[in-house]
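Biologist: I'm new to this one. Can you walk me through how some of the helices pack?

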Protein chains: 6
Amino acid sequence: MEQKELWLTSLIVDNPQEGFELAIKLSRMGVKSTQPDIEVLKKLRKDYSNSASGLTAASHVIAVNFQTISAANEYWKK
Amino acid sequence: MEQKELWLTSLIVDNPQEGFELAIKLSRMGVKSTQPDIEVLKKLRKDYSNSASGLTAASHVIAVNFQTISAANEYWKK
Amino acid sequence: MEQKELWLTSLIVDNPQEGFELAIKLSRMGVKSTQPDIEVLKKLRKDYSNSASGLTAASHVIAVNFQTISAANEYWKK
Amino acid sequence: MEQKELWLTSLIVDNPQEGFELAIKLSRMGVKSTQPDIEVLKKLRKDYSNSASGLTAASHVIAVNFQTISAANEYWKK
Amino acid sequence: MEQKELWLTSLIVDNPQEGFELAIKLSRMGVKSTQPDIEVLKKLRKDYSNSASGLTAASHVIAVNFQTISAANEYWKK
Amino acid sequence: MEQKELWLTSLIVDNPQEGFELAIKLSRMGVKSTQPDIEVLKKLRKDYSNSASGLTAASHVIAVNFQTISAANEYWKK
């Protein structure tokens, strides 16, 4: 199972954009933790990436994770 | 893919309104990260921008991102 | 487009009630940023203001924005 | 319109339970700001108070508002 | 009505697990504040406890309340 | 009932990945607190793990819990 691999060693990244990309990654790993089968995920991805509500819901999860990452990086102010 | 371009170099903006606009941008980039095809996005946008629940959901994501941006800017109090 | 006008110059307001009203305004501007057509918004408003789940969802977005405004105002404790 | 009356002069309350009650009030005022007609609200209330998802959604909004009230009161630790 | 009884005198608990249990209690009181009729609640509980989306929504509300309780207890670090 | 066992003695973990795994655990315990019957859970899990919206909702709950765990660990910066 994916989670046994080392994939999240730090929340600290160089800039907000890398932070946003890490937020996307966390959101996907949250999905993968529930459904580890890549083939099923690929099929489902096609569904929700063509659904307005599915895409908004995905963006919502990213926003929550981006909040965490941004706080961890003290908003890259320093 | 859009994310390879530099589009988010800082969370610091001059005032709350620019912060709100950045929150809108983050919300859209969250969508785009899942569905990068502009033509599909245009078609879906027409759908959810005519749906009360779709618009409320979009406003919710903006609110979460605005929380992050506002904290980053210490609420523009200084 | 509405957002070009100056409508959000500060998050600081005199008391919690004004803060709640500003949270309502932010929630509506989040909707308007996605659907700027006033006539469409009026029509949709009639729909969701008669739907229990639509009203709860609207109240949820207001709650998130009120969190931001309240933090900005240090909860009006001073 | 209800909001013109003074109904929220402070977020500070004596204990967590009063804070929870204030969170309930804020959640209802969020609904009322979108649908001020008491008769419509009464009718809708009957609907969602008999729906599991409606009740969970209502509890979710209360939880968000309780977060705000609790932070305002520094969690009643002092 | 249940809320008149004293049921929430403090957010401070001994350890994270008691905090999680308090978060569950707050989530249920949020539901009960909208639908105080125990018989209706029992019937609805059977519905949503057999629905995947209902259970996820319930877990979401608990997570929000656990955030509040955890902050109140300074994450039980001391 | 599961919650009587000791399963959450601390929110402090060694690194972000263990924090993410704890967030997954909290999300599942939130579900289990409402539906303790393992057989029902197994059946429902098959349903939502094959639903795009169910997986996104699960990832959302994990994101909220990960926020709590990350704050508890001061983002593993030290």
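Modeller: H1(A) and H3(A) are oblique to each other, because their angle falls outside the roughly parallel (under 35 degrees), roughly antiparallel (over 145) and roughly perpendicular (65 to 115) ranges. This is a predicted model, where local features need pLDDT of at least 70, side-chain atom pairs count only at pLDDT 80 or more, and totals for chains, interfaces and linings use all residues. Residues are numbered from 1 along each chain, chains are lettered from A, and side-chain values leave out hydrogens and water.

Biologist: What angle do helix H1 and helix H3 of chain A pack at?

Modeller: About 125 degrees, with the axes 8 Å apart. H1 covers residues 16–34 and H3 covers residues 52–72.

Biologist: Which residues of H3(A) make the contact?

Modeller: A:Val61, A:Ile62, A:Asn65, A:Phe66 and A:Ile69. On the H1(A) side, the residues include A:Phe20, A:Ala23 and A:Ser27. Contact means heavy atoms within 4.5 Å. The residues of this contact divide into ten nonpolar, three polar and no charged.

Biologist: Switching chains. How do H3(D) and H1(E) lie to each other?

Modeller: They are oblique too. Helix H3 of chain D and helix H1 of chain E pack at about 120 degrees, with axes 8 Å apart.

Biologist: Which residues in H3(D) meet H1(E)?

Modeller: D:Leu55, D:Thr56, D:Ala58, D:Ser59, D:Ile62 and D:Phe66. In H1(E), their partners include E:Leu26, E:Gly30 and E:Val31.

Biologist: How many are nonpolar, polar or charged in that contact?

Modeller: Six are nonpolar, six are polar and none is charged.

Technical notes: Axes are lines fitted to C-alpha atoms, for helices over the stretch in contact, and angles run from 0 to 180 degrees between N-to-C directions. Helices (H or I, at least four residues) and strands (E, at least two) are DSSP runs, numbered from the N terminus. Ala, Val, Leu, Ile, Met, Phe, Trp, Tyr, Cys and Pro count as nonpolar, Asp, Glu, Lys and Arg as charged, and the others, Gly among them, as polar.
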